[in-house]
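Visitor: I am new to this structure and should be grateful for a close look at one part of it. Please take a single helix and its surroundings.

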Amino acid sequence: MVRGKTQMRLIENATSRQVTFSKRRNGLMKKAFELSVLCDAEVALIIFSPRGKLYEFASTSMQATIERYRKRAKAKEALDPPFVNNIVQLEHLNHEEAASLIKKIEQLEVSKRKMLGEDLGSCSLDELQQLEHQLEKSVCKIRARKIEVFEEQIKQLKQKEKVLQDENAKLLQKWESEGGDGGVNNEGGEKMLNYAESSSPSSEVETELLIGPPRRFLSIH
């Protein structure tokens with residue numbers, strides 16, 4: 001009788017699953033041994049049973065083969081650019097995932113056009129109301145942010161105004177201390193006032209005034 005094709009899925013019966021595991025494990029180890037002998041290949045095989053039991057085969061040394069694999073993997077990772085790895089990962093995406101991503105992109109494009117007021121002919125009343133509600137929420141957020149920006153700018157301008165006022169006061173104080181017009185006028189006024197007081201008749205300067213003919217001085221011989 002011709003053997004039927006085995007379906008690749010989990011075997012539900014535990015006994016059948018264990019029997020299949022033992023047969024396939026032995027066959028896999030036999031193939032690994034044949035490959036190493038016939039082709040002079042370095043082969044290492046590690047198998048864990050469903051219960052965690054370890055089965056292994058190595059044509060030379062398991063540890064040496066693992067170390068060789070690690071060095072080879074590191075060298076390959078260093079040589080391959082990052083974008084090459086990304087391309088390989090994208091190639092491994094199946095068609096269903098790719099189709100799902102394309103569908104999501106198309107939905108986003110449609111939603112974007114509707115937000116811009118385009119392609120609204122196919123929208124129902126509920127969709128239009130929902131779209132209007134979303135736009136109103138967006139406008140409220142934009143206005144709130146606009147007010148925050150205005151307040152920040154006003155705060156900065158007030159700070160600049162205070163700095164300018166302080167600098168103006170310092171410059172004015174420095175100008176007065178170095179002798180501005182006001183200082184010169186005050187000093188000149190004080191000098192003129194002192195001169196006027198010193199030259200006035202009411203000044204307290206002792207003088208000797210004589211009225212009448214000049215005195216005659218007698219000489220005593």
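Guide: The following account concerns helix α1 and the strands beside it in the list of elements. This is a predicted model, in which local features need pLDDT of at least 70, side-chain atom pairs count only at pLDDT 80 or more, and totals for chains, interfaces and linings use all residues. Residues are numbered from 1 along each chain as its sequence is written, and side-chain values use heavy atoms, with hydrogens and water left out.

Helix α1 covers residues 14–39; helices (H or I, at least four residues) and strands (E, at least two) are DSSP runs, numbered from the N terminus. At 1.5 Å a residue, counted for one less than the number of residues, its 26 residues should span 38 Å, which agrees with the 37 Å between its end C-alpha atoms. At the N-terminal end, Asn13 caps α1, with a side-chain oxygen 3.0 Å from the backbone nitrogen of Thr15. After the helix comes Asp40, whose phi is positive, near 50 degrees.

Phe21, Arg25, Met29, Ala32 and Ser36 of α1 are buried, that is, under 20% relative accessible area with a 1.4 Å probe, protein chains only. Their cover includes β1 and β2.

These strands, β1 (residues 44–48) and β2, run antiparallel and are joined by five bridges; DSSP must find at least two for strands to pair. Ala44 has Ala58 as its bridge partner in β2. Five residues separate the strands of this hairpin, and Gly52 in the turn has a positive phi of about 95 degrees. In β2 (residues 54–58), Tyr55 and Phe57 form the covered face, whereas Leu54, Glu56 and Ala58 form the uncovered one. In a regular strand the side chains alternate between the two faces of the sheet.

Notes: Buried means under 20% relative accessible area, exposed over 50%, partly exposed in between (1.4 Å probe, protein chains only). Contact means heavy atoms within 4.5 Å. A polar contact is a pair of N or O atoms within 3.5 Å; within protein, one must be able to donate a hydrogen and the other to accept it, and residues adjacent in sequence count only if both atoms are side-chain atoms.
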